[in-house]
Amino acid sequence: MTSESPATPIAAPDGTHPSACPICGTTGGREILTARDHRRGTPGEFRVVECTSCRLARTDPWPDDPGAWYPDEYPQHGDQPSLTARASGAALRRAARPGARRLGRILGRAVPEADTGGPVAPRSRILDVGAGTGTAVAAFRAAGHDAWGVEPSLRAVVVAEGRGTEGVVAGSLDDALDNELIPAGPYDVIRMSQVLEHVADPIALLQRLRSIIAPTGRLIVGVPNLDSVARKVTGSAWDGLELPRHLLHYTRESLLWVLSLGGFHVTSMRTAPLLGVLPGSIDARTAGGDRQRGWSDALPVRVALYPVEWALGAAGQGDGIVAIAEPAGP
Ligand SMILES: [Zn+2]
């Protein structure tokens, strides 16, 4: 293991400490970029540092309490369904129907949030980790599956309950399993969309999932793609950074490695669009990389740029990565 001084130290905002790689413990590393929170305006600057030992990129400095950086109005937790949530819910309700093989594949390509990684057998047991307001759980339940979700935001779970969605439990996966709030398994399908980048110890989380997934089960993981062409072009303004709430920043290589350390064998991996990241990045870039002006949230803008995002994803340059994995070994 190596330990080097950061190239350009930055003033650590309150409530942070110098980071170490959560996988291998290495401190320091190669600075990829320095950026501000152009979405929410968290004070201070944050760097994305690539571990010199294992190449996993992380946020530096690291929060003392990662939960403290989530504003109350975090949009994924609100009661107004986002465009992504509405589109993925509608697509998942169709893709998750037993027998929807071809349709499911098409929908999964068009809307990565609706990717089930293959056909879903009737009455499958499904877990959505980071279930948000329960869009996917509701869609799977409507298709006749035994679907459950865990979600750290109590506010999001209250919204799910308000919509009549059952099976979404507030708290961590460990809490939900240890307190028997969700079935102990085995799960046929585990979905974890835009979650792993928020998690401080991804190996521990994956190993827990490995212990509850069925031997023939599959895990669907979606994360932002630090190697996307939009990230390279827009740099610190790239909207997939979501600093400082994203603690880790994955490439295909580092995601593959983290999944394998967590006990999973990747059967397919592709880049995919992440709705709104391209306009959000342009918004921040043209605002000087500081706070977005907000025009990129407008529905017509997002819809207009989605074909571009989709084409980049199909060309291996998308802002997201979708990996399908199965439990490795015995
Ligand atoms: Zn490392």
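Visitor: At which residue in H10 does the kink lie?

Guide: The model is a predicted one. In it, H10 spans residues 299-314 and contains the proline Pro-307. A kink of about 35 degrees lies shortly before that proline, at Tyr-306.

Visitor: What distance does H10 reach from its first C-alpha to its last?

Guide: H10 has 16 residues. At 1.5 Å a residue, 22 Å is expected. The span in the model is close to that, at 22 Å.

Visitor: Which residues of H10 are buried?

Guide: A residue counts as buried if 20 or more other C-beta atoms lie within 10 Å of its own. In H10 the residues that meet this are Arg-302, Glu-309, Leu-312 and Gly-313.

Visitor: Which residue with a positive phi follows H10?

Guide: H10 ends at residue 314. After the helix comes a residue whose phi is near 80 degrees. That residue is Gly-316.

Visitor: In what order do the strands of the seven-stranded open sheet stand?

Guide: The secondary structure of the protein comes to ten helices and 13 strands. Seven strands form this open sheet, and their pairing is mixed. E8 (168-170) and E12 (264-272) each have a single partner strand, so they stand at the edges with one side left without a neighbour in the sheet. The twist from one strand to the next averages 15 degrees. The order is E8-E7-E6-E9-E10-E13-E12.

Visitor: What is the bridge partner of Leu-127 in E9?

Guide: E6 (residues 125-129) and E9 (residues 187-193) run parallel and are joined by three bridges. Leu-127 has its partner in E9, and that partner is Ile-190.

Visitor: How many of the residues in E9 are buried?

Guide: E9 is joined to E6 by three bridges and to E10 by six, with E9 and E10 running parallel. One of the residues paired with E10 is Ser-193, whose bridge partner is Gly-222. E9 is mostly covered, and of its seven residues the number buried is six.

Visitor: At what angle does H8 run to E12?

Guide: H8 takes in residues 252-261 and lies across E10 (213-224), E12 and E13 (320-327). E12 is one of the edge strands of the seven-stranded sheet. The angle between H8 and E12 is about 155 degrees.

Visitor: What is the bridge partner of Ala-57 in E11?

Guide: Four strands form an open antiparallel sheet in the order E2-E3-E4-E11. E2 (30-35) and E11 (248-249) are its edge strands, each pairing on one side only. E4 (residues 57-60) pairs with E11 over two bridges. Within E11, the partner of Ala-57 is His-249.

Visitor: What percentage of contacts between residues at least 6 apart in sequence join residues at least 24 apart?

Guide: Two residues are in contact if their C-beta atoms lie within 7 Å. Among contacts in the protein between residues at least 6 apart, the share joining residues at least 24 apart is 71%.

Visitor: What is the radius of gyration of the protein?

Guide: The C-alpha atoms fill a box of roughly 55 × 45 × 35 Å along the principal axes, and buried residues make up 49% of the 330 residues. For 330 residues the globule rule gives 20 Å, and the protein comes close to this, so it is as compact as a globular protein of that length. The radius of gyration is 19 Å.

Conventions
Residues numbered from 1 in each chain as written. Predicted model: local features only at pLDDT ≥ 70, side-chain atom pairs only at ≥ 80, totals over all residues. Expected span 1.5 Å × (residues − 1). Bend = angle between axes of the 7 residues up to and from the residue. Buried ≥ 20, exposed ≤ 12 C-beta atoms within 10 Å, placed from the backbone. Rg over C-alpha atoms; globule rule 2.2 N^0.38 Å. Pairing = 2+ DSSP bridges. Axes fitted to C-alpha atoms, helices over the stretch in contact; angles between N-to-C directions.
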